[in-house]
Every structure is written in C-alpha cells, then in structure tokens.
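Biologist: I should like a close look at a single part of this model, namely the sheet and what surrounds it. Please set out the pairing, the packing and the neighbouring side chains in one connected account.

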Amino acid sequence: MTTHETNPVFTQGHYCMQALDESALTHVATYFRALSEPTRLRILNTLRDGEKNVSQITELTGCGQANVSKHLALLFEAGLVTRSAQGTAVFYGIADAATFELCDIVCGNVARIVERQFASANALKKQLGKIGKA
C-alpha cells in the first residue's frame with residue numbers, strides 16, 4: 001500500500017478538505033488568498049504559455065514593475081509559481097498546471113452564479129412591473 005492509500009485525507013485520488021486539520025486548512029486558505037487578487041490572476045494568466053521574466057509580465061499585464069514584483073514574490077511564497085535565474089534575468093513559471101484547472105473551474109462557477117443572479121433580477125423586475133401596472 002502507498003502512503004496515499006492509507007491516508008484518510010486522500011481518498012479516490014483526491015485530498016478531502018473535510019478531513020483536514022486546522023493547520024492544513026490554514027495552508028489551503030493561504031493558497032486561496034494568493035488567488036484572491038485580480039492582478040495576481042492576470043499575472044498567472046501571462047504564464048499559461050510558459051515562463052516569463054518580470055519585464056515581459058509587466059508589459060503583458062500593464063502593471064508597474066514594482067507592483068508585479070511584489071505580487072510575484074507573494075505567488076512564489078505561496079508555492080504557485082517557480083523562479084529561476086537565466087543569466088541576469090529571473091524567469092517565473094507556473095508551479096502546477098492544476099492551478100489553471102482550478103481557476104477555470106472557479107470561473108465557470110462564477111459565471112453560473114452571475115447567470116442565476118441575473119435571471120433572479122429579471123424575474124423580480126417582471127413581478128415589480130406587474131405590480132406597477134395593477
């Protein structure tokens with residue numbers, strides 16, 4: 001048996017959040033906190049097609065170099081990006097492609113939530129319109 005097969009936190013090929021202790025949940029929250037800022041999400045999007053240096057990321061995001069560097073440091077500290085020196089430049093890459101999968105899943109969920117809210121708002125408008133005509 002492998003470690004994962006005997007670990008109650010790891011079932012059916014996935015880690016189960018409900019089985020995590022406070023320390024592990026804190027790490028999960030830190031991961032999500034790193035993803036909770038739009039600039040960091042834009043930075044991650046620039047890395048979808050490969051490693052980039054700070055200048056390239058700055059140009060692609062339209063953010064200032066100091067701002068990009070600050071966010072890259074946080075993403076690196078959270079384990080979301082890798083950092084490697086190539087000559088005098090430092091290049092950043094995505095640490096795990098599953099991060100993009102997670103972000104795409106969340107984007108789909110957000111789109112469905114917005115659609116439901118829009119449908120609810122339209123239904124309410126129709127009801128209010130009927131009341132106003134009565």
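Modeller: The account below begins with the whole chain, turns to the sheet, and then follows the residues around it. The model is predicted, and the protein has 6 helices and 5 strands. Along the sequence these elements follow the pattern α-β-β-α-α-β-α-α-β-β-α. Of the 134 residues in the protein, 22% are buried. Among contacts with a separation of 6 or more, 47% are between residues 24 or more positions apart. The protein exposes about 9,500 Å², and carbon and sulfur atoms supply 59% of that area.

The sheet is open and consists of 3 strands in the order E3-E5-E4, with antiparallel pairing. Strand E3 (52–53) and strand E4 (81–86) are the edge strands, each pairing on one side only. Between E4 and strand E5 (residues 89–94) there are 6 bridges, and these two strands run antiparallel. One position can be followed in detail: Val81 has Ile94 in E5 as its bridge partner. Helix H5 (residues 65–77) packs on this sheet and touches both E4 and E5. The direction of H5 makes about 115° with that of E4.

A charged side chain can be placed within the ranges just given. Arg83 lies over the face of Phe76, at 3.7 Å from the ring centre. By residue number, Arg83 falls in E4 (81–86), while Phe76 falls in H5 (residues 65–77).

Ile94, the bridge partner of Val81, also leads to the next helix. Thr99 is found in helix H6 (residues 98–133) and touches Ile94, together with Tyr31, Leu35, Leu44 and Leu80; residues up to four places away in sequence are not counted here. Thr99 has a relative accessible area of 3%. Buried means under 20%, and Thr99 is therefore buried.

Tyr31, one of the residues that Thr99 touches, belongs in turn to an aromatic pair. The structure holds 1 such pair. The ring centres of Tyr31 and Phe32 are 5.9 Å apart and their planes stand at 85°, so the pair is edge-to-face; the cut-off for that class is over 60 degrees. Tyr31 is partly exposed, with a relative accessible area of 25%. Phe32 is likewise partly exposed, at 41%.

In short, Ile94 is the bridge partner of Val81 and a contact of Thr99, and Thr99 also touches Tyr31, a member of the edge-to-face pair.

Methods. Residues are numbered from 1 along each chain as its sequence is written. This is a predicted model: local features need pLDDT of at least 70, side-chain atom pairs count only at pLDDT 80 or more; totals for chains, interfaces and linings use all residues. Side-chain values use heavy atoms; hydrogens and water are left out. Two strands pair if DSSP finds at least two bridges between them. Helices (H or I, at least four residues) and strands (E, at least two) are DSSP runs, numbered from the N terminus. Contact means heavy atoms within 4.5 Å. Axes are lines fitted to C-alpha atoms, for helices over the stretch in contact, and angles run from 0 to 180 degrees between N-to-C directions. Rings of Phe, Tyr and Trp (its six-membered ring) pair if their centres lie within 6.5 Å; planes under 30 degrees apart count as stacked, over 60 as edge-to-face and the rest as tilted. Buried means under 20% relative accessible area, exposed over 50%, partly exposed in between (1.4 Å probe, protein chains only). A charge sits over a ring if NZ of Lys or CZ of Arg is within 6 Å of the ring centre and within 35 degrees of the ring normal. Accessible areas come from the Shrake-Rupley method with a 1.4 Å probe; for residues, only the protein chains shown count as cover.
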